[in-house]
Amino acid sequence: MVDFPDDDQWDDELYPLDEYPSTYKATIVLSLLMWMKVAVSNVVLGVAKMKAGTCAPEDTRQNSQEDVSDDAKENEQRAQRIVNNDLENVPYTMILAFGSMFCIISLDSENLEKRQSISIAHIILFSLFVTMRIAHTITFAYKISKARSVVWLIGFLCSFGIAIVLVIAAVDKETNYYLSSPTNKVLPATAILSLLLWMKVAVTNVGLGGAKNNAGTRSPEDTYQNSEDVSEDAKEKEERSQRIVNNDLEN
């Protein structure tokens with residue numbers, strides 16, 4: 001049977017936030033920045049849809065299809081790709097980041113050096129992730145293909161790093177009294193399973209990118225994609241990969 005800390009020990013021993021406020025404060029601030037970036041992308045998509053006439057039929061304020069220019073259609077498609085890429089990368093990493101934060105602030109305060117190292121790694125990785133996601137949107141909007149690929153990859157690796165930090169903090173033997181109880185395996189198991197799920201989603205997203213290359217359905221500036229002689233098999237695989245990613249997002 002687990003002996004829980006009494007009320008006057010709970011804040012100081014289990015969640016000593018005053019000792020390392022940088023971890024949760026940085027996570028909250030970075031999450032706000034990430035939300036603001038996503039919100040701006042969604043608003044831009046809404047405006048692009050109105051100009052392209054692709055909103056719901058009842059939205060009479062949008063342009064009619066007869067008056068829509070090719071530029072408006074391309075801008076709408078680009079804005080949709082930006083939002084889709086956010087959906088494929090941001091939600092999972094945000095969950096991992098908050099899980100990592102929870103595990104870090106729950107570490108035993110007696111092992112200050114190790115706890116500080118894990119905390120710094122978390123802050124650096126999450127900061128880089130948010131920065132790379134903002135840079136990804138900018139490079140996507142301005143059609144800078146190679147730079148966009150680089151910042152996406154860095155953000156992707158940061159996401160993986162956050163998942164690793166989560167597992168390290170969750171399975172660390174120097175955790176607080178409650179989490180180190182031999183009868184409580186929930187936190188380590190959840191962290192490890194979260195890492196496995198992230199890896200599954202990551203492989204699926206990379207697979208979708210490859211399928212889009214083969215089907216020639218990436219942005220026009222991505223000159224490395226297959227632009228000629230696209231087979232029906234390649235189109236079918238791209239559609240199937242997209243359905244798999246969409247199903248992950250739904251569940």
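Start with helices H3 and H4: they run roughly antiparallel to each other. This is a predicted model.

**Stop 1: the helix pair.** Select residues 70-105 for H3 and residues 112-141 for H4. Their axes lie 11 Å apart, at an angle of about 170°. An angle over 145 degrees counts as roughly antiparallel, so H3 and H4 earn that description. Now colour the contact between H3 and H4 by residue class. You should find twelve nonpolar, eight polar and five charged residues there.

**Stop 2: the largest pocket.** Select Asn85, Glu88, Gly209, Lys212 and Arg218. Of the 24 residues that line the largest pocket, these lie nearest its centre. The space inside is about 540 Å³. Next, show H3, H4, H5 (145-171), H6 (186-215) and H7 (232-250); each gives two or more residues to the pocket lining. Which helix gives the most? Pick H6, with seven residues. By class, the pocket lining has twelve polar, seven charged and five nonpolar residues.

**Stop 3: the largest cavity.** How many cavities of 30 Å³ or more does a search of the whole structure find? There are two. Go to the largest cavity, with a volume of about 110 Å³. Select Glu88, Asn89, Phe156, Ser159 and Trp198. Among the 14 lining residues, they are the closest to the cavity's centre. Keep H3, H4, H5 and H6 on screen, since each supplies at least two residues of this lining. Colour by class again: seven nonpolar, five polar and two charged residues line the cavity.

**Last look.** Click Glu88 once more. Glu88 is among the residues nearest the centre of the largest pocket, and also among those closest to the centre of the largest cavity.

Notes: Residues are numbered from 1 along each chain as its sequence is written. This is a predicted model: local features need pLDDT of at least 70, side-chain atom pairs count only at pLDDT 80 or more; totals for chains, interfaces and linings use all residues. Side-chain values use heavy atoms; hydrogens and water are left out. Axes are lines fitted to C-alpha atoms, for helices over the stretch in contact, and angles run from 0 to 180 degrees between N-to-C directions. Helices (H or I, at least four residues) and strands (E, at least two) are DSSP runs, numbered from the N terminus. Angles under 35 degrees count as roughly parallel, over 145 as roughly antiparallel, 65 to 115 as roughly perpendicular and the rest as oblique. Ala, Val, Leu, Ile, Met, Phe, Trp, Tyr, Cys and Pro count as nonpolar, Asp, Glu, Lys and Arg as charged, and the others, Gly among them, as polar. On a 1 Å grid over the protein atoms alone, a cavity is a set of points where a 1.4 Å probe fits but cannot get out, and a pocket is an open set with protein on both sides within 12 Å along at least five of seven lines; lining residues have an atom within 4 Å of a point. Grid points are joined across faces, edges and corners, and a volume is the space filled by probe spheres set on the points.
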